[in-house]
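Please work through the following exercises with the sequence and the model side by side. Try each task before reading its solution.

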Amino acid sequence: GIQSASYEQCRTLLPRNGLEDEYSTARFLPTAGVEWSFPLAKFTTNASFIIEPRVQAVISPEKDFSDDVFNEDSAFFEFDAVTLFDWNKSTGYDQWEDGSRLNVGLAARANYTSGLNLSGSLGQQFRASESLQFEPDTGLGDETSDFVGELNAGYSNVFSMTNRFRFDDEDGTLRRLETSLRGRAGPVSTGVRYVRTESPELQADSARDENLTASAFWKVSDRWTVGGIWREDLDAGETTTQQFTIQYDDDCTIFSLDYRRDNRFGEGLNDNVSLTFNVDIIGF
């Protein structure tokens, strides 16, 4: 009974409700667009400032292919300040962005001769009509999308901070936040990445997802580097990933030995522990 119920639930997610063993389909989605931007710059003795408004209009037929094409390569993607001006915001070919839409954004940047740089952006998408191509928790698909933006800061090659965020356009709730900090002091480089997502469409016990990843690497010599990565699931209060690396590099090749323990599996499954040796050819 439980197996039958699970099968029926999964079947409804398949194209044509999983009732047809085989079929063929063809897709044609012509897309045209135009983009306008007007950078405004000011230069002083100690700094340069740039403000750039940007507008992109894209037109495609309104067509939903989800009944014929199983979405495998575009099931997970992030709508953020980076993908705002992508004509097709999906990550692969199974999902296509349809309809007429207008992507609008404003970006600003300040660079100082001291090495300090600051930047930020804010934008939103407007659609002529709603699209069924995107799940509700992506922030896309409605006539007005969520607000997306970023705030970044850095100082020379010593420190950098990036913040990407998405706010609900109706109530202002923070739906996604990704903050990364990177620093370097002599032979030591460190990084911290915090990711938080809010999905009110999901059940209450899984509506929020919070993760913290920390890394540290020490360049022992010109050729050798050792370090590791640690990832915590803050919701569950447990460590999900541990990785320790020994790396040797020269002008043409990078050799690395990685020990990795991954605990991001379903309940009842054992941890995934691996030891891998990688060779990367560079310099071409």
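The exercises below go from the whole chain to single residues, and each one is followed by a worked solution.

Residues are numbered from 1 along each chain as its sequence is written, and side-chain values use heavy atoms, with hydrogens and water left out. The model is predicted, so that local features need pLDDT of at least 70 and side-chain atom pairs count only at pLDDT 80 or more, whereas totals for chains, interfaces and linings use all residues.

**Exercise 1. The chain as a whole**

Task: State how many helices and strands the chain has, and what percentage of its residues count as buried.

Solution: Begin with the secondary structure, where helices (H or I, at least four residues) and strands (E, at least two) are DSSP runs, numbered from the N terminus. The chain has one helix and 14 strands. Next comes burial, for which buried means under 20% relative accessible area, exposed means over 50%, and partly exposed lies in between (1.4 Å probe, protein chains only). By this rule 32% of the 284 residues are buried. The accessible area, computed by the Shrake-Rupley method with a 1.4 Å probe and, for residues, with only the protein chains shown as cover, is about 17900 Å² for the chain, and 56% of it comes from carbon and sulfur atoms. Finally, a contact means heavy atoms within 4.5 Å; among the contacts with a separation of 6 or more, 43% are between residues 24 or more positions apart.

**Exercise 2. A salt bridge across the sequence**

Task: Find which residue forms a salt bridge with Glu78, and work out which parts of the chain this pair ties together.

Solution: A salt bridge is a side-chain nitrogen of Lys or Arg within 4 Å of a carboxyl oxygen of Asp or Glu, and the structure holds 16 of them. The partner of Glu78 is Arg176, with the closest N and O atoms 3.0 Å apart. Because Glu78 lies in the loop between S3 and S4 and Arg176 in strand S8, the pair ties together parts that are 98 residues apart in sequence. As a last step, compare the accessibility of the two: Glu78 is partly exposed at 34%, while Arg176 is buried, with a relative accessible area of 10%.

**Exercise 3. Two further pairs**

Task: For the salt bridges Asp171–Arg175 and Asp262–Arg260, decide whether each residue is buried, partly exposed or exposed.

Solution: Take Asp171 and Arg175, whose side chains meet at 3.9 Å, N to O. Asp171 is exposed, having a relative accessible area of 51%, and Arg175 is buried at 11%. Then take Asp262 and Arg260, where the N to O distance is 3.7 Å. Here Asp262 is the buried residue, at 10%, and Arg260 is partly exposed at 27%.

**Exercise 4. Asp98 and Lys63**

Task: Describe the surroundings of Asp98, and then those of Lys63.

Solution: Asp98 is found in the loop between S3 and S4 and counts as buried, since its relative accessibility is 5%. Asp98 belongs to a network of salt bridges that also links Lys89, Glu97, Arg101 and Arg127. Leaving out residues up to four places away in sequence, Asp98 touches several residues, among them Ser60, Pro61, Lys63 and Arg127. Ser60 is 38 residues from Asp98 in sequence, yet the two C-alpha atoms are 5.4 Å apart.

Now turn to Lys63, which is placed in the loop between strand S3 (47–59) and strand S4 (101–112) and is partly exposed at 42%. With the same neighbours left out, Lys63 touches Leu29, Asp98 and Gln133. Between Lys63 and Arg27 the C-alpha distance is 9.5 Å, with their positions 36 residues apart in sequence.

**Exercise 5. Two serines**

Task: Where is Ser180 found, and what is the sign of phi in Ser156?

Solution: Ser180 is found in strand S8 (residues 174–185) and is buried at 7% relative accessibility. Beyond its neighbours within four places in sequence, Ser180 is in contact with Ser160, Met161, Thr162, Val192 and Arg193. Ser156 is in the loop between S6 and strand S7 (159–167), and its phi is positive, near 50°. Most residues other than glycine have a negative phi.
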